[in-house]
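I sat down with this one to see how one helix packs and where the charged side chains go. My notes follow in the order I looked things up.

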Amino acid sequence: MVRLSNGPVAQETHFGWVLSGSWLNKGGHQGYSASQLLCLNGIPEQALHEFWDLEAVGVEINEKPPVDHILKRFSASIQFSDNRYTVVLPWKSNVDRSRLLNNETSAMKRTVRQAHKLSQNPKLESQYKKAFIEMEESGVIEEVPNSELVSPYLTYYMPHRPVVRDSSVSTKVRPVLDASAKGVNGISLNDCLDERPCLLPDLVRILIRFRRWQIALVSDIAKAFLQIKM
C-alpha cells in the first residue's frame, strides 16, 4: 500500500492496483473522491461476454442474434380461427414421440393426493373448483367424451395443483399444469418439447417507449395464456 500526503492511496491487489481517496486541487479545496481498478491479468473473451451481457435488461454484445429455427418453425404454425390463436407444440426434432407413454395411473394418484390435501382447506378447495368452473364456462377446457378416453393417438395426462397469489387482483387461485410429470419410462412431455426461445418483450425497449410520449395506454389480456389453443 502506498500512501501519499494529502492525496490518494494506492493499493496492490490480486486483480491489479486500486487507487482511491481524495486530493487537494491548486486552490487548496478538497477534490472529488476517486476509485479506479486496473486489472492486469489476462481475461478470456468469453468472460468479457458473460460480464457485459445483461440479458435481464436487454443489453447484449451481439447486435444480430442468430436465426432461431425453433422460433421460425413455431411462427409458421400459428393460425387464427374461432377468435383464438392456435399453435402447435414445439416438438423436438430428434425425439421419438412414441416414447411418451400414457401416464394416466400416476397422474390419477397425484390427483387423489391433491384432492385429499385440498379437503383439509375448504376455502382453498372452493376457490380451486371455482377456477375450473370458470375455465369450463369460458371454453378453455372441456370434459373428454367417453368415446375418446381410449384413443389410438398419443395420450398424456398433466397433473395440476393450485397456486395462490393473494396480491393478484383478478385471479388469486389458479391451476398450474405439470408437464414435467414422467411416465413409467421416466419421459415427460417437457422432455419432448423445445424450451426456447423466450418471447417476452424487451423490458428496456418498453421503458424507453413508455417515456417517449406524454400519455401512455396500458392494457391487460385476461388469462392470456389460456386464450391460446393448442
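Which exposed residues does the face of α4 turned away from its buried side carry? I found P122, K123, K129, K130 and E137 there. A reminder to myself before going on: this is a predicted model.

**Entry 1: overall layout**

I count 5 helices and 9 strands in the protein. Reading along the sequence, I get β-β-β-β-α-α-β-β-α-α-β-β-α-β. Of the 230 residues, 17% come out as buried. I also checked the contacts with a separation of 6 or more, and 46% of them are between residues 24 or more positions apart.

**Entry 2: helix α4**

I went back to α4, which runs over residues 122-137 and has 16 residues. From the first C-alpha to the last it reaches 22 Å, close to the 22 Å expected at 1.5 Å a residue. Its buried residues are L124, Y128, A131 and M135. Looking down the axis of α4, I see these buried residues fall within an arc of 55°, so they line one face of the helix. The spacing fits the textbook: an α-helix has 3.6 residues a turn, so residues three or four places apart point the same way.

What do the buried residues of α4 pack against? They pack against α3 (104-119), β7 and β8. Just after α4, I noted that G139 takes a positive phi of about 85°.

**Entry 3: salt bridges**

I searched the whole structure and got 5 salt bridges. I wrote up three pairs.

In the R73 and D194 pair, the side chains meet at 3.5 Å, N to O. This pair links distant parts of the chain, with R73 in helix α2 (residues 69-76) and D194 in the loop between β8 and α5 (203-210), 121 residues apart. R73 is partly exposed, at a relative accessible area of 41%.

D178 and R110 form another salt bridge, at 2.8 Å, N to O. Here too the pair links distant parts of the chain: D178 is in the loop between β8 and α5, R110 is in helix α3, and they are 68 residues apart. With 30% relative accessibility, R110 counts as partly exposed.

The pair within α4 is E125 and K129, whose side chains meet in a salt bridge at 3.8 Å, N to O. Why are they separated by about one helical turn? Because E125 and K129 are 4 residues apart in helix α4. I looked up both accessibilities: E125 is partly exposed at 22%, and K129 is exposed at 53%. K129 is also one of the residues I listed at the start, on the face turned away from the buried side.

**Entry 4: R84, a buried arginine**

I found R84 in strand β6 (residues 84-86). R84 is buried yet has no salt bridge. How far away is the nearest side chain of opposite charge? That side chain is D82, at 7.8 Å, and a salt bridge would need a nitrogen within 4 Å of a carboxyl oxygen.

So I looked for backbone partners instead. The R84 side chain reaches the backbone oxygen of S138 at 3.3 Å. A polar atom of that R84 side chain also lies 3.4 Å from the backbone oxygen of Q227. Leaving aside neighbours within four places in sequence, I list Q79, S138, G139, V140, L226 and Q227 as contacts of R84. G139 in that list is the residue with the positive phi just after α4.

**Entry 5: two threonines in loops**

T155 sits in the loop between α4 and β7. I have its side chain reaching the backbone oxygen of Y153 at 3.2 Å. Not counting residues up to four places away in sequence, T155 touches L101 and N102.

T171 is in the loop between β7 (160-164) and β8 (173-177). Is T171 buried or exposed? Neither quite: T171 counts as partly exposed, at 22% relative accessibility. The contacts of T171, leaving aside neighbours within four places in sequence, are R165 and K223. I also took the C-alpha to C-alpha distance from T171 to Q127, which is 9.8 Å, with the two 44 residues apart in sequence.

Notes: Residues numbered from 1 in each chain as written. Predicted model: local features only at pLDDT ≥ 70, side-chain atom pairs only at ≥ 80, totals over all residues. Heavy atoms only, no water. Buried < 20%, exposed > 50% of the residue type's maximum accessible area, 1.4 Å probe, protein only. Contact = heavy atoms within 4.5 Å. Expected span 1.5 Å × (residues − 1). Arc of directions from axis to C-beta. Lys, Arg positive; Asp, Glu negative; His and termini not counted. Polar contact = N/O pair within 3.5 Å; in protein donor to acceptor, adjacent residues only side chain to side chain.
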